[in-house]
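Me: I'm new to this one and would love a friendly walk through it. Could we take a look together?

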Amino acid sequence: MTQVQDEPTVSRALFNGVRCTCPNCGEGKLFRRFLKVAETCPACGEALHHHRADDMPAYIVMSIVGHIVIALVFWVEFRAGGWPTSLHLALWLPLTVILSLALLQPVKGFIVALQWSFRMHGFGASRPPRQAEVPSS
């Protein structure tokens, strides 16, 4: 696959997004505050304000955390013989909050990098379209 001016591959851009760095260079910070995306990358100057992540990261995080916590709750209830309600509350509520906060920024970074990679919502205005894959002979 031909890359234009050392543009990162989609997988590299997504990895950079999960690391909360610029999808283009992987050096600059993607966020200026906890969930506020920087207007531009401080390292390479790539415009990042085009993103439209909206509520998608929250929905993805809720799905991931919900599956993890509910699976653990069921495992405790059916395998470990069940616990008192107070112990459930003392364990699962903090775990849910901690997992949600820990995953929210990387998931939003992934969504922003996905939009950047596929030139969605204005990200492609300053970059030429990706070259089509040409089979090598």
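Me: Is F78 buried or exposed?

Reply: Happy to help, and do keep in mind that this is a predicted model. The relative accessibility of F78 is 68%. The cut-off for exposed is over 50%, so F78 counts as exposed.

Me: Which kind of aromatic pair do F74 and F78 form?

Reply: These two residues sit four apart in helix 2, so about one helical turn separates F74 from F78. Their rings are 5.9 Å centre to centre, with 45° between the planes. Planes under 30 degrees apart count as stacked and over 60 as edge-to-face, so the pair of F74 and F78 is tilted.

Me: What about W83 and W92: how are their rings arranged?

Reply: W83 is partly exposed at 31% relative accessibility, whereas W92 is buried at 10%. The ring centres lie 6.2 Å apart and the planes meet at 10°. That angle falls under 30 degrees, so the pair of W83 and W92 is stacked.

Me: How does helix 1 run relative to helix 3?

Reply: Helix 1 covers residues 10-18 and helix 3 covers residues 85-117. Their axes are 7 Å apart, and the packing angle is about 150°. Angles over 145 degrees count this way, so helix 1 is roughly antiparallel to helix 3.

Me: How many charged residues are in the contact of helix 1 with helix 3?

Reply: On the helix 1 side, the contact includes V10, A13 and L14, while helix 3 brings residues including P106, F110 and W116. The residues of this contact divide into nine nonpolar and three polar, and the charged ones number no residues: none.

Methods:
Residues are numbered from 1 along each chain as its sequence is written. This is a predicted model: local features need pLDDT of at least 70, side-chain atom pairs count only at pLDDT 80 or more; totals for chains, interfaces and linings use all residues. Side-chain values use heavy atoms; hydrogens and water are left out. Axes are lines fitted to C-alpha atoms, for helices over the stretch in contact, and angles run from 0 to 180 degrees between N-to-C directions. Angles under 35 degrees count as roughly parallel, over 145 as roughly antiparallel, 65 to 115 as roughly perpendicular and the rest as oblique. Contact means heavy atoms within 4.5 Å. Ala, Val, Leu, Ile, Met, Phe, Trp, Tyr, Cys and Pro count as nonpolar, Asp, Glu, Lys and Arg as charged, and the others, Gly among them, as polar. Rings of Phe, Tyr and Trp (its six-membered ring) pair if their centres lie within 6.5 Å; planes under 30 degrees apart count as stacked, over 60 as edge-to-face and the rest as tilted. Buried means under 20% relative accessible area, exposed over 50%, partly exposed in between (1.4 Å probe, protein chains only).
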